[in-house]
Amino acid sequence: SFKHAFEGEQSGAISISIKAINNMEFEMVYSDNGSWKIANKNKQHFGLELIETLTEQMDGSYQREQSEYRFLLKNLDIEA
């Protein structure tokens with residue numbers, strides 16, 4: 001967000017919330033109030049690739065709408 005969303009702006013806000021869904025899963029929501037840039041579909045973006053890799057490593061999934069990411073992640077401290 002600091003590098004891309006607030007480019008050229010004096011200030012911005014980042015919001016992160018985490019809540020338990022149940023004993024096995026939690027939800028993390030990340031958003032900012034910066035300007036959203038349309039990604040070039042022909043170009044790989046390291047940030048998006050990193051989000052996908054880390055989410056996969058945590059047996060999770062995510063949805064993105066503009067600059068809000070909603071993650072559903074497994075509680076890795078609980079052994080099933």
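Good morning. I shall begin with one residue, Asp59, which is exposed, with a relative accessible area of 52%. The cut-off for that word is over 50%, and therefore Asp59 counts as exposed and not as partly exposed. Please bear in mind that the model before you is a predicted one.

Asp59 has a further feature of note. Although Asp59 is not a glycine, its phi is positive, at about 50°. As for its place in the chain, Asp59 sits in the loop between H1 and strand S3, the latter covering residues 61–65.

Let me now set that loop within the whole. How many helices and strands does the protein have? The secondary structure amounts to one helix and four strands. Along the sequence, these elements follow the pattern β-β-α-β-β. The protein has 80 residues, of which 15% count as buried.

I turn next to the second largest pocket. Its volume is about 170 Å³. Which residues line this pocket? They are Met28, Gly47, Leu50, Ile51, Leu54, Thr55, Met58, Phe71 and Leu73. Two elements, helix H1 (46–57) and strand S4 (68–74), each contribute at least two residues to that lining. The largest share is that of H1, with five residues. Sorted by class, the lining holds seven nonpolar residues, two polar ones and no charged ones.

From the pocket we move to the surface. Here Ile14, Ile16 and Ile18 make a nonpolar patch of about 290 Å². One of these, Ile14, lies in strand S1, which spans residues 14–20. Is Ile14 buried, partly exposed or exposed? With a relative accessible area of 35%, Ile14 is partly exposed. Membership of a patch requires over 30% relative accessible area, so Ile14 at 35% passes that cut-off.

My last residue is Asn75, located in the segment after S4. Its relative accessible area is 24%, and Asn75 is therefore partly exposed, since buried would mean under 20%. How far apart are Asn75 and Ile21 in sequence and in space? The two are separated by 54 residues in sequence, while their C-alpha atoms lie 9.8 Å apart in space.

To close, I would recall three points. Asp59 combines a positive phi with an exposed position. Helix H1 supplies the largest share of the lining of the second largest pocket, and that lining has no charged residues. Finally, Ile14, Ile16 and Ile18 together make a nonpolar patch on the surface. Thank you for your attention.

Key: Residues are numbered from 1 along each chain as its sequence is written. This is a predicted model: local features need pLDDT of at least 70, side-chain atom pairs count only at pLDDT 80 or more; totals for chains, interfaces and linings use all residues. Side-chain values use heavy atoms; hydrogens and water are left out. Patches are made of residues with over 30% relative accessible area and no salt bridge: like charges are joined within 9 Å, nonpolar side chains (Val, Leu, Ile, Met, Phe, Trp, Tyr) within 5 Å. Accessible areas come from the Shrake-Rupley method with a 1.4 Å probe; for residues, only the protein chains shown count as cover. A salt bridge is a side-chain nitrogen of Lys or Arg within 4 Å of a carboxyl oxygen of Asp or Glu. Buried means under 20% relative accessible area, exposed over 50%, partly exposed in between (1.4 Å probe, protein chains only). On a 1 Å grid over the protein atoms alone, a cavity is a set of points where a 1.4 Å probe fits but cannot get out, and a pocket is an open set with protein on both sides within 12 Å along at least five of seven lines; lining residues have an atom within 4 Å of a point. Grid points are joined across faces, edges and corners, and a volume is the space filled by probe spheres set on the points. Ala, Val, Leu, Ile, Met, Phe, Trp, Tyr, Cys and Pro count as nonpolar, Asp, Glu, Lys and Arg as charged, and the others, Gly among them, as polar.
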